[in-house]
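Trainee: I am new to this one and would love a close look at a single part. Could you walk me through it?

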Amino acid sequence: MDNRVIASPRLPGGDLIAAVLDREVMGLADRGGASGLVGSRWADLCAEQALGWPGTARPIPGPAGGTFAVERVVRLDDAPAIAAEASRRALQNPDLLLVGERDGRPVLQAADAKFSVETAREKQVSPAVVAALLDLGPSLTTLLGDLGPADALGLVEGVFLCPDFPLTQVMLRRRSGIVRATVRNDQVVLLPAPAERFFAPIEGWRLVPPLAAVDALPVAARESLLAALYYFRLARAAVGCWFDQTGPLLAFNDKPAWDEPAILADLEPRTADGAARSAFEVVRRWNADVQSVRAQRAAVDQVAALPLLNREIKDLAARVALRAGVEPPSVNQVRRRVGAWYRGRLRDRFGPLLPPVADLPTTLTNLGRVGADLAVELRAEAERVVAELVAQGVTAGPPPKREPVRGTATRRPY
């Protein structure tokens, strides 16, 4: 694996470190879901490696230091019941729990996969978080098994699992990137992350070679995780542009269809010899080209928006609930259901409206006219939805009880 930091005028910021930290690159990449894909893949790779730790000694961060013998590794991030319960209680949800023994005493240590070390925060793997998780009940204890008396259990400071490549090392050394790195070096476990093994299973990897060929850096993306990360982000930016370019203007429960040959076919002329000065420029130009379609989609969304004000929904819900003697359902609950009905009726009439629409003004006028014709049915549907929610006992209710340890159980992108 080539860990050199490569400099080139074709890279935003002049080198690969600056390029992967470039805010415009990251923003475009996340139009194609890059962060979530990288974070999920890293969590899987960390789990694969950690599952080989039983029978080995692992370090304990902090002043006391030392090690403990790992007996079992329990993965939490792919256990929906635990994630849901932790989220309900607003608890942190580390990816892994290491179960082991030290000096005859059972030990629990949290470990969290962090592709970007600067997003790690000490409290996410603290003993307090582990203690709170132990109160989740059967959803967790079934996985952990019998750990003996709670007062004999040792909860130790946790660790973050990060890729061993230049970006992690730079962040730990200078402690500044998109955000500031705050964890100590002894809280970070560096794990190998071969570039091709990391990215090859992810949709978009086959778009990397034509993009990398434009810049012709003296390092291959398949050999350098840093280069692979940069060009994968550009690849997912291209995917986001293609989805925006081809997706329906009047969307309704549509899931983007992955069509790699079509995306590659659109990418090919943009990366042909002399077509662009850099891979970054390829993506920026594509993004600019798609703006007209995005503008059409925004115009359609505006005209096709549910023509009910929140206060109208609130008043309707209050009247129906008052007659039933119960608390009214929330405005959001009603809006979601009525909005789906309304959007579905428009979709039945106009279809998906695939871009680009040649005569958009006429289409918008027709959308508005049909929306106005639905006004009476819309009011009736809103009353029906509110009555149904009230009959089901779905009400706003009191906010959920918050536990002392705060955080989120949602999988963090990186």
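How many nonpolar, polar and charged residues are there in the lining of the largest cavity?

Mentor: Happy to help, and please keep in mind that this is a predicted model. Sorted by class, the lining of the largest cavity has six nonpolar residues, one polar residue and one charged residue. You can pick them out by name: Trp53, Arg58, Pro59, Leu98, Gln109, Val159, Leu161 and Val189 line this cavity. Two elements each give two or more residues to that lining, namely strand S1 (57-59) and strand S5 (154-163). In that list, Arg58 is the charged residue and Gln109 the polar one. The space they surround has a volume of about 30 Å³. By the rule used here, the count comes to one cavity of 30 Å³ or more.

To put the cavity in context, let us turn to the open spaces. The largest pocket holds about 320 Å³ of space. Its lining is made up of 16 residues, and the closest to the pocket centre are Phe243, Gly247, Pro248, Lys255 and Pro256. By class, the lining of the largest pocket divides into six nonpolar, five polar and five charged residues. Helix H10 (residues 225-246) supplies the largest share of this lining, with five residues.

Helix H10 deserves a moment of its own. H10 has 22 residues, and from its first C-alpha to its last it reaches 31 Å, close to the 32 Å expected at 1.5 Å a residue. It is largely enclosed by the rest of the structure, because 20 of its 22 residues are buried. For that step, buried means under 20% relative accessible area.

Finally, here is the whole protein around these parts. The protein has 16 helices and six strands, and its C-alpha trace spans about 75 × 70 × 30 Å along the principal axes. Of its 414 residues, 49% count as buried. The accessible surface of the protein comes to about 19,700 Å², and 54% of that belongs to carbon and sulfur atoms. As for contacts between residues at least 6 apart in sequence, 76% of them join residues at least 24 apart.

So, back at your starting point, look for strands S1 and S5 when you want to find the cavity lining in the view.

Definitions and conventions:
Residues are numbered from 1 along each chain as its sequence is written. This is a predicted model: local features need pLDDT of at least 70, side-chain atom pairs count only at pLDDT 80 or more; totals for chains, interfaces and linings use all residues. Side-chain values use heavy atoms; hydrogens and water are left out. On a 1 Å grid over the protein atoms alone, a cavity is a set of points where a 1.4 Å probe fits but cannot get out, and a pocket is an open set with protein on both sides within 12 Å along at least five of seven lines; lining residues have an atom within 4 Å of a point. Grid points are joined across faces, edges and corners, and a volume is the space filled by probe spheres set on the points. Helices (H or I, at least four residues) and strands (E, at least two) are DSSP runs, numbered from the N terminus. The expected span of a helix is 1.5 Å times one less than its number of residues. Buried means under 20% relative accessible area, exposed over 50%, partly exposed in between (1.4 Å probe, protein chains only). Contact means heavy atoms within 4.5 Å. Accessible areas come from the Shrake-Rupley method with a 1.4 Å probe; for residues, only the protein chains shown count as cover.
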